[in-house]
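Biologist: Hey, can you walk me through this protein? I'm new to reading structures.

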Amino acid sequence: MTPPNLTQFRAEMQDNGLVHLVFDCPGRSMNVFSNQAIHELGEFAEWLHRADVKGVLVRSGKATGFCAGADLTELGVAYDMIVAAPAADRFDMAFGHFFPLSHAIRRMETAGKPVAAAIAGLALGGGCELALGAHYRVVTSNRRAMLGLPECGVGLLPGAGGTQRMPRLVGVALGLEVLLLGRTLSGEEAREAGLVHAVVAEGEEIAAAEEWLLSDRAHAVQPWDDAAQPLPHAAYADAIAAHRTREMARMLGHEPAPLAILDCVEFGLMQPIDGAIRAEMSVFAHLIQRPEPRNMIRTMFLGKRAYDKASREGTLSPAVIVASEAITRLVVSAMPEHPDLTTALGSLAPEIGQIAAKLSPAEMLQLDHAVTLSGAIPAYAGGASGALERVAA
């Protein structure tokens, strides 16, 4: 059976009976999961259920890494689409829009064909979740080859099974560090934790993955499908409670993503995986409707990227620095007079608007990160733009 015609991936049939699924987004320096890539993975997974192949090797076609995660620009468009819809429609819209990646990975791992992932670079976010859907994972020994789930840092949670597969593989304690604290694992540390099966020199990962796929050790059953029963709640309740207490003390609940991740782990691990990934997406579909993820993506990803790039190149506008310092002084002086940050920012909105009025959109993006960096306005509040949007709303 001929593989499907793909644009973000290549399905390459091999003479040894394997098929290589090569992630290679055209026109990009790094692979990301766009809507197109997600639906193509689903198309490949459905084909795999009917195909006569010995196994699948998932690898990157780029020297820069395996996959860096979601296309956050497209995610922002989806957020705007969802919050613009009638309130009664938003959950179903969010679930339907974001679940296809989780479903595609699940369909691939249950196609009855062994799947191996050869990881020679970053495998973060959705890229890590794709690797976790493989039955065998090989990682290279270089420092660039690492796996992680950093979504919490931009106000989100891993929505393609990451909150379920990671703690099932490495244990709840380490899994929560990866999910909540942004910890990454690479090399022997990843192997010892149970996240990968083999560590090889760079350039040997494809041969090592193929060797497993063609050996009598190859199989197509995940540990969560082979387990006799889900994990009892009592086995991990204390770990969840400890992290929940820490998060409430740290941010008083102002950042909803860590608490949402804890909900996913707590209510997911006691279920079979098919129910668990749907419980995860239910939590995600509620989280994505909130303003904090969009604000944190703007300040801690898009804004940080723009600010750091300008700083490296020596093109950071003095106007951004002056504006950040002025807003920081305003917030610091206003806080003792107001009961909370929201009230303070509301009172300062006219002055913040005047300070930011002469900045270009690119400078405004840098400013949003700068005021977060200074500690004046938290990332979840959206920087200077978030303060102005709250008043406009």
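Modeller: Sure, let's go from the whole chain down to one sheet. Keep in mind that this is a predicted model.

Biologist: OK, how many helices and strands does the chain have?

Modeller: There are 17 helices and 10 strands in the chain.

Biologist: And what radius of gyration does the chain have?

Modeller: The chain has 22 Å, and a compact globule with 393 residues would be near 21 Å, so the two agree. If you box in the C-alpha atoms along the principal axes, you get roughly 70 × 50 × 40 Å.

Biologist: How much of the chain is buried?

Modeller: Of its 393 residues, 53% count as buried. The chain still exposes about 16,600 Å², with 56% of that supplied by carbon and sulfur atoms.

Biologist: What about the charges, how far apart are the mean positions of the positive and negative ones?

Modeller: They are 2 Å apart, taking 32 positive and 44 negative charges.

Biologist: Switching to the sheet: what's the strand order in the open one with 4 strands?

Modeller: The order is β4-β6-β8-β9, and the pairing is mixed. The edges are β4 (65-67) and β9 (185-186); each has a single partner strand, so one side of each has no neighbour in the sheet.

Biologist: Which way do β6 and β8 run?

Modeller: Strand β6 (residues 122-124) and strand β8 (residues 146-148) run parallel, joined by 2 bridges.

Biologist: And which residue in β8 is the bridge partner of Ala 123?

Modeller: Leu 147 is the bridge partner of Ala 123. In general, strands of a sheet pair through backbone hydrogen bonds.

Technical notes:
Residues are numbered from 1 along each chain as its sequence is written. This is a predicted model: local features need pLDDT of at least 70, side-chain atom pairs count only at pLDDT 80 or more; totals for chains, interfaces and linings use all residues. Side-chain values use heavy atoms; hydrogens and water are left out. The radius of gyration is taken over C-alpha atoms; the globule rule is 2.2 Å times the number of residues to the power 0.38. Buried means under 20% relative accessible area, exposed over 50%, partly exposed in between (1.4 Å probe, protein chains only). Accessible areas come from the Shrake-Rupley method with a 1.4 Å probe; for residues, only the protein chains shown count as cover. Lys and Arg count as positive and Asp and Glu as negative; His and the chain ends are not counted. The place of a charge is taken as NZ of Lys, CZ of Arg, CG of Asp or CD of Glu. Two strands pair if DSSP finds at least two bridges between them.
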